[in-house]
Amino acid sequence: MFDSVKKELSRRALLYKAGFGFMGLSVVGAVGNIIKPAPTLAQAAPAPSNEPSLPPEKKLGWAIVGLGEFATKQIMPSFAECKKSKLVALVSGDRAKAEKYAQQYSVNPKNIYNYQNYDSIRNNPEVDIIYIILPNALHAEYSIRGVQAGKHIMCEKPMAITVAECQAMIEAAKKANRKLMIAYRAQYEPYNLATIQLAQSGKLGKLKLITSDHGRNLNPKEPQDRWRAQKKLAGGGSLYDIGIYSLQAARYITGEEPVAISAMIYSTPNDPRFREVEENVNFVLRFPSGVLANCSSSYGYSNTKRIQVFGSDAVLELDPATDYYKHRLILKSKNGNQEQKIEDKNQFALEIDHLSESIIQNKQPKTPGEEGLQDVKLMQLIYEAARTGKSIKV
Ligand code: NAD
């Protein structure tokens, strides 16, 4: 199992090094005048966003499982911008809510399922792909039931709570010969792709340091934060929820896997929000090339989503880095500060279409189950490093 994960991850690293991180993505042609990336393999390939939309009958059919905050406010509206994907089914424990959204998105009410009759989705040929947008602890069960019903799966981050669950998801998808993709939207978002391209192009000189900070105030009065404060449903605290973006950034910007990890955790004593899950996590990663990454996550300060890349000759600052829209990228060098103008694109539509495209072309998606497993493995090591106070060799 771990050999195949290693093989998959080193394939990805090679693709990134070749500039293939841009493959199939709208950033080609979207980069403004200031950045002129060197020609890459990706630029030789057609970008799906420049392709015409498929006719409705050729688009792949998607079912959404879990009609919560993220699904209803970001994902469902994004289907309007998809060229290869259409929303055809909903899975919810709340029939009235599902009917309301079915009407809004022209989903046939016969394609509304609940958590009990979910498995009968196997008999619905309109559904090709199921998108799991449930609390973290339910990702494994609903992904596995989904592939066993013969459907391809997109699963939200974090992939699952434990390494064993991630492995079971990968095995189940393999056995059913279905694709499994983890919804790492930042890996489909043009500003993050430009950051990878610039960092790996040598334009910053030799890479030395990445800092990546993700923070927000947990508010368990909001329904979507209620389960996040419960270890059983969330799996972890700020690290599992948003620190995963810091970890991802360090991995996709270097295109490498860390070889050593150290970490520290602190939660404000007597703050009821942190009875079960942690507040602050700081971790340091060392990569084979010598790049260090100082990463953090917090549930205790106001919205922060910032990435910085320090090279021997120049520095990149992406802030906001992993927001839904409106990113800002600044290149700081001896020529001063230059804002990099890149056309914002709907990253959700891009990632959704990426999985449809991978299925149509029978290719491995760029962020498969192995990518989600690697993050869960590393997050477990971060917890261990914090618990033991020792630097851990990966
Ligand atoms: P949410 O609470 O708003 O939505 C979860 C949905 O699951 C709700 O509709 C809820 O009714 C349903 N549900 C079913 N069984 C449940 C149970 N046993 N307990 C609680 N809820 C249950 O949460 P959300 O913010 O939409 O997050 C859902 C998933 O999406 C999480 O895995 C989260 O990490 C991920 N997410 C990803 C992003 C991103 O940018 N990629 C952003 C937000 C959330």
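Contact here means heavy atoms within 4.5 Å of each other, and axes are lines fitted to C-alpha atoms, for helices over the stretch in contact, with angles running from 0 to 180 degrees between N-to-C directions. The model on screen is predicted, so local features need pLDDT of at least 70 and side-chain atom pairs count only at pLDDT 80 or more, while totals for chains, interfaces and linings use all residues. Residues are numbered from 1 along each chain as its sequence is written, and side-chain values use heavy atoms, with hydrogens and water left out.

**Stop 1: the mixed sheet**

Helices (H or I, at least four residues) and strands (E, at least two) are DSSP runs numbered from the N terminus, and two strands pair if DSSP finds at least two bridges between them. Select first the open sheet of 9 strands, whose order is β14-β13-β12-β11-β7-β10-β9-β8-β15 and whose pairing is mixed. The edges are held by β14 (336-340) and β15 (392-393), each with a single partner strand, so one side of each is left without a neighbour in the sheet.

Colour β7 (207-215) and β11 (304-311) next; β7 and β11 run antiparallel and are joined by 8 bridges. Within this pair, Ile210 has Val309 of β11 as its bridge partner, and Val309 in turn has Leu316 of β12 as a bridge partner. From β11, a hairpin of 3 residues leads to β12, and β11 pairs with β12 (residues 315-318) in the antiparallel sense over 4 bridges. In that pairing, the partner of Phe310 in β12 is Val315.

Now add the helices that lie on this sheet. Helix α10 lies across β7, β9 (280-286), β10 (292-298) and β11, and runs at about 160° to β7. Helix α12 (residues 369-388) lies across β8 (260-266), β9 and β15, running at about 65° to β8.

**Stop 2: the parallel sheet**

Move to the other open sheet, in which 6 strands follow the order β3-β2-β1-β4-β5-β6 with parallel pairing. At its edges stand β3 (112-113) and β6 (180-182), each with a single partner strand, so one side of each has no neighbour in the sheet. Select β1 (residues 60-65) and β4 (residues 129-132), which pair in the parallel sense over 4 bridges, and label Trp62, whose bridge partner in β4 is Ile129. Helix α3 (residues 69-78) packs on this sheet, touching β1, β2 (85-91) and β4, and its direction makes about 165° with that of β1.

**Stop 3: the largest pocket**

On a 1 Å grid over the protein atoms alone, a cavity is a set of points where a 1.4 Å probe fits but cannot get out, and a pocket is an open set with protein on both sides within 12 Å along at least five of seven lines; lining residues have an atom within 4 Å of a point. Grid points are joined across faces, edges and corners, and a volume is the space filled by probe spheres set on the points.

Select Glu69, Phe70, Gln224, Arg228 and Tyr324, which lie nearest the centre of the largest pocket among its 42 lining residues; the space in this pocket comes to about 990 Å³. Helix α3 gives the largest share of the lining, 5 residues, and α3, β7, α8 (223-226), α10 (238-254) and β11 each supply at least two. Domain 1 (5-186 + 348-366) and domain 2 (190-344) each contribute at least three lining residues, the bounds coming from an automatic or database domain assignment. By class the lining has 13 nonpolar, 15 polar and 14 charged residues, where Ala, Val, Leu, Ile, Met, Phe, Trp, Tyr, Cys and Pro count as nonpolar, Asp, Glu, Lys and Arg as charged, and the others, Gly among them, as polar.

**Stop 4: the largest cavity**

A search of the whole structure finds 2 cavities of 30 Å³ or more, and the largest cavity has a volume of about 60 Å³. Select its lining: Lys157, Ala183, Tyr184, Arg185, Ala186, Ile244, Tyr245, Gln248 and Tyr252. These divide into 6 nonpolar, 1 polar and 2 charged residues.

**Stop 5: backbone details**

Lys157, already selected in the cavity lining, is joined to Pro158 by a cis peptide bond with omega of about -15°, and Pro158 is found in the loop between β5 (152-155) and α6 (163-176). A cis peptide bond also joins Asp319 and Pro320, with omega of about 0°, in this case with Pro320 in the loop between β12 and β13 (329-333). Finish at Ser106, which has a positive phi of about 55° although it is not a glycine, and which sits in the loop between α4 (95-104) and β3.
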